[in-house]
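Take a look at the chain below and turn it around a few times. We'll go from the core out to the charged pairs and the odd backbone angles.

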Amino acid sequence: MFTERLQNAINDQINAEYYSAYLYLAMSAHFESKDLPGMAAWMRMQYEEEIIHALKFFDYMNDRGARVVLKAIDAPPVEFGSPVEVFEEVLAHEQKVTSLIHNLYTLAMEEGDYPTQSLLQWYIDEQVEEEKNASDVLARMRMVQDYPPGILMLDQELGARPAPTPPAQAGA
Ligand code: OFO
């Protein structure tokens with residue numbers, strides 16, 4: 001049975017995914033303002049990825065006849081630090097989201113909800129990827145630090161990130 005407790009928790013996670021999207025869009029605006037278009041584009045792709053995560057939960061709730069309740073999205077920060085600091089923040093944020101997904105999985109197990117466990121498996125794998133992407137970029141940022149030629153090279157590299165591909169629709 002798809003309990004109300006689990007449905008509420010998924011509605012909260014939809015909100016968390018939209019907050020992630022908003023956070024990365026704010027980081028994109030930050031890099032635009034610093035004339036780092038490649039990093040801005042990377043963050044924009046990350047924003048799009050988060051929208052996909054939110055919509056996958058949205059579709060799943062509808063497919064199971066549950067009521068989606070959209071809540072207010074907190075405002076993200078306006079000011080961010082150096083590129084290294086921004087990517088440290090990305091990694092810390094993704095680690096936090098991973099723990100939210102794991103908590104949801106624990107709840108789905110407690111409630112004996114097998115379809116939600118199956119759905120969350122996709123998010124668990126996705127979070128491994130999310131953390132890997134952030135820590136790979138961070139490792140390279142740390143090598144470069146504030147050295148301008150290195151920053152420009154990384155900016156160019158990050159600008160080549162392809163657009164995310166949406167997964168198959170839940171229930172399709
Ligand atoms: Fe939705 O994975 Fe990032 O936050």
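Which residues have the most contacts inside the largest nonpolar core? They are M27, F31, M43, F87 and M141, and the core itself has 25 residues. A nonpolar core here is a set of buried Ala, Val, Leu, Ile, Met, Phe, Trp, Tyr and Cys residues joined through side-chain atoms within 4.5 Å. As for burial, buried is under 20% relative accessible area, exposed is over 50%, and partly exposed is in between, with a 1.4 Å probe and protein chains only. The elements that give two or more residues to this core are α1, α2, α3 (83-110), α4 and α5, with α1 giving the most, six residues. A second, separate core of 20 residues includes F57, Y60, A66 and L120. Back in the largest core, M27 touches M43, F80, V86, E89 and V90, leaving out residues up to four places away in sequence; a contact is heavy atoms within 4.5 Å.

Before going on, a word on where this comes from: the model is predicted, local features need pLDDT of at least 70, side-chain atom pairs count only at pLDDT 80 or more, and totals for chains, interfaces and linings use all residues. Residues are numbered from 1 along each chain as its sequence is written, and side-chain values use heavy atoms, with hydrogens and water left out.

Now zoom out. The chain has five helices and zero strands, where helices (H or I, at least four residues) and strands (E, at least two) are DSSP runs numbered from the N terminus. For α1, 1.5 Å a residue over 30 residues should give a span of 44 Å, and the end C-alpha atoms are 43 Å apart, which agrees; the expected span is 1.5 Å times one less than the number of residues. The C-alpha atoms of the chain fill a box of roughly 55 × 25 × 25 Å along the principal axes. The radius of gyration is 17 Å, which agrees with the value near 16 Å for a compact globule of 172 residues; this radius is taken over C-alpha atoms, and the globule rule is 2.2 Å times the number of residues to the power 0.38. Of those 172 residues, 48% count as buried. Among contacts with a separation of 6 or more, 81% come from residues 24 or more positions apart.

On to the charges. A salt bridge is a side-chain nitrogen of Lys or Arg within 4 Å of a carboxyl oxygen of Asp or Glu, and the count comes to eight. One of them pairs E111 with R5 at 2.7 Å, N to O. That pair links distant parts of the chain, with E111 in the loop between α3 and α4 and R5 in helix α1, 106 residues apart. Another joins E49 and R161 at 3.6 Å, N to O; E49 is in helix α2 and R161 in the segment after α5, 112 residues apart. What is the burial of these two? E49 is buried at a relative accessible area of 12%, and R161 counts as buried at 17%. R142 and E88 also meet, at 3.2 Å, N to O, linking helix α4 to helix α3 across 54 residues. Here R142 is partly exposed at 43%, and E88 is partly exposed at 33%. Salt bridges that share partners also join R5, E110 and E111 into one network.

Helix α4 (residues 114-144) holds E126, which is buried yet has no salt bridge; the nearest side chain of opposite charge, R161, is 7.3 Å away. For this, Lys and Arg count as positive and Asp and Glu as negative, while His and the chain ends are not counted. Leaving out residues up to four places away in sequence, E126 touches E49 and H53. Q117 is in α4 too, and is buried at 12%.

Finally, look at two loops. D35, between α1 (4-33) and α2 (37-63), has a positive phi near 60 degrees without being a glycine, and is exposed at 64%. Q145, between α4 and α5 (148-158), has a positive phi of about 50 degrees, again in a non-glycine residue, and is partly exposed at 40%.
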